[in-house]
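Visitor: I'd like to know how the labels people put on a structure are justified. Can you walk me through this one?

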Amino acid sequence: MSSIAPSARLGWRLLPAVIAAAVAVIAASLLIGALRDHPILHRSESGPAVGADVATAALWHTDSFPVGASGHLSKKERVRFDVQKERVRVTVRDLSDALALDPGRMPDAVERLVTKAAAPALLKAAPSMPKDATEITAIKRTGRIGLQAPRFAAAAAEVNVIMQASFEGRIVKWRNHFDLWLERADGEWRVIAFDLDRTQLR
């Protein structure tokens with residue numbers, strides 16, 4: 001289970017509609033402040049830090065959208081968006097791969113990609129690999145990222161990583177779902193809050 005400030009959870013539930021309509025800001029200053037003041041806490045089961053085979057993992061498919069702009073982006077805004085969306089993608093994918101595929105890489109990833117305020121909770125929250133599972137890999141990796149326009153200094157990402165492994169002679173699948181809130185400061189994108197979930201698939 002995880003806990004989150006009510007305003008933040010409500011904001012995330014509205015995010016798909018915000019992205020689709022591109023009429024609201026996903027990460028206003030009040031939301032950023034609330035998320036920073038209330039980092040998510042999430043418990044995970046203990047287990048061995050066994051990494052998946054990243055080399056055989058499915059390719060990433062990530063869509064990025066500017067949100068909150070009143071109209072079409074200007075040429076200068078489009079250039080800024082194109083630059084920042086790639087930087088956010090790198091951060092989101094790097095952290096998501098550490099969370100889903102390689103728990104042993106989590107300390108380094110968290111130090112580089114997560115704020116100091118949120119880092120301890122994320123290290124505690126990071127899900128472990130299923131015990132005794134073998135032939136672990138990611139069969140699907142997708143993400144949707146909304147960047148606040150026109151400053152492009154805040155973003156929110158919804159990530160799904162579908163995993164597959166062999167367990168006691170049978171194939172098992174599960175979905176890692178990550179909601180990540182990010183902020184750009186001093187030219188660096190870092191995660192300031194998160195919500196993690198794992199669901200076994202049939």
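Visitor: Which residue in β4 does Ser-64 stand opposite?

Guide: Ser-64 faces Ile-145 of β4. Keep in mind that this is a predicted model.

Visitor: What makes β3 and β4 a pair?

Guide: Two strands count as paired if there are at least two bridges between them. β3 and β4 (residues 134-148) have eight bridges, so they pass that cut-off. They run in the parallel sense. Another of the partners is Gln-148 in β4, which bridges to Val-67.

Visitor: How do you know that β4 pairs with β5 as well?

Guide: Same kind of check. The cut-off is at least two bridges, and 11 bridges join β4 to β5 (residues 154-167), so this counts as a pair too. Here the strands run antiparallel. Gly-143, for instance, stands opposite Val-159 in β5.

Visitor: What links β4 to β5?

Guide: They form a hairpin with five residues between them. Phe-152 sits in the turn and has a positive phi of about 55°. Pro-150 is in that loop too, and the peptide bond leading into Pro-150 from Ala-149 is cis, with omega near 5°.

Visitor: Which residue has a positive phi although it is not a glycine, and what is the value?

Guide: That's Glu-135, with a phi of about 50°. Glu-135 lies in strand β4.

Visitor: And what makes β6 and β7 a pair?

Guide: Put 13 bridges against the required two: β6 (residues 170-185) and β7 therefore count as paired. The sense is antiparallel. Trp-174 has Gln-200 of β7 opposite. This hairpin has two residues between the strands, and Asp-186 takes a positive phi near 55°.

Visitor: Why is the pairing in the whole sheet called mixed?

Guide: Look back at the pairs: β3 with β4 is parallel, while β4 with β5 is antiparallel. The sheet is open, with five strands in the order β3-β4-β5-β6-β7.

Visitor: What makes β3 and β7 the edge strands?

Guide: Each of them pairs on one side only. β3 covers 60-67 and β7 covers 188-201. From one strand to the next, the twist averages 15°.

Visitor: Let's move to the helices. Why is α3 called roughly antiparallel to α4?

Guide: α3 (residues 75-100) and α4 (residues 106-113) pack at an angle of about 155°, with their axes 9 Å apart. Angles over 145 degrees count as roughly antiparallel, so the label fits. The crossing of α3 past α4 is left-handed.

Visitor: Which residues meet there?

Guide: From α3 you have Thr-91, Asp-94, Leu-95, Ala-98 and Leu-99; from α4, Met-106, Ala-109, Arg-112 and Leu-113. By class, the residues of this contact are six nonpolar, one polar and two charged.

Visitor: How do you know which parts to be careful with?

Guide: Check the pLDDT. The protein's mean is 79, and 72% of its residues reach 70 or more. Over residues 1-11, though, pLDDT is below 50, and that stretch has 20 contacts beyond near neighbours in sequence. Residues 16-49 also stay under 50, with 73 contacts beyond four places in sequence.

Visitor: So what do I make of those contacts?

Guide: Go easy on them: where pLDDT is low, the predicted coordinates should not be read in detail.

Conventions:
Residues are numbered from 1 along each chain as its sequence is written. This is a predicted model: local features need pLDDT of at least 70, side-chain atom pairs count only at pLDDT 80 or more; totals for chains, interfaces and linings use all residues. Side-chain values use heavy atoms; hydrogens and water are left out. Axes are lines fitted to C-alpha atoms, for helices over the stretch in contact, and angles run from 0 to 180 degrees between N-to-C directions. Helices (H or I, at least four residues) and strands (E, at least two) are DSSP runs, numbered from the N terminus. Angles under 35 degrees count as roughly parallel, over 145 as roughly antiparallel, 65 to 115 as roughly perpendicular and the rest as oblique. A crossing is left-handed if the near helix is turned anticlockwise from the far one by less than a right angle, and right-handed if clockwise. Contact means heavy atoms within 4.5 Å. Ala, Val, Leu, Ile, Met, Phe, Trp, Tyr, Cys and Pro count as nonpolar, Asp, Glu, Lys and Arg as charged, and the others, Gly among them, as polar. pLDDT is the predictor's confidence in each residue, from 0 to 100.
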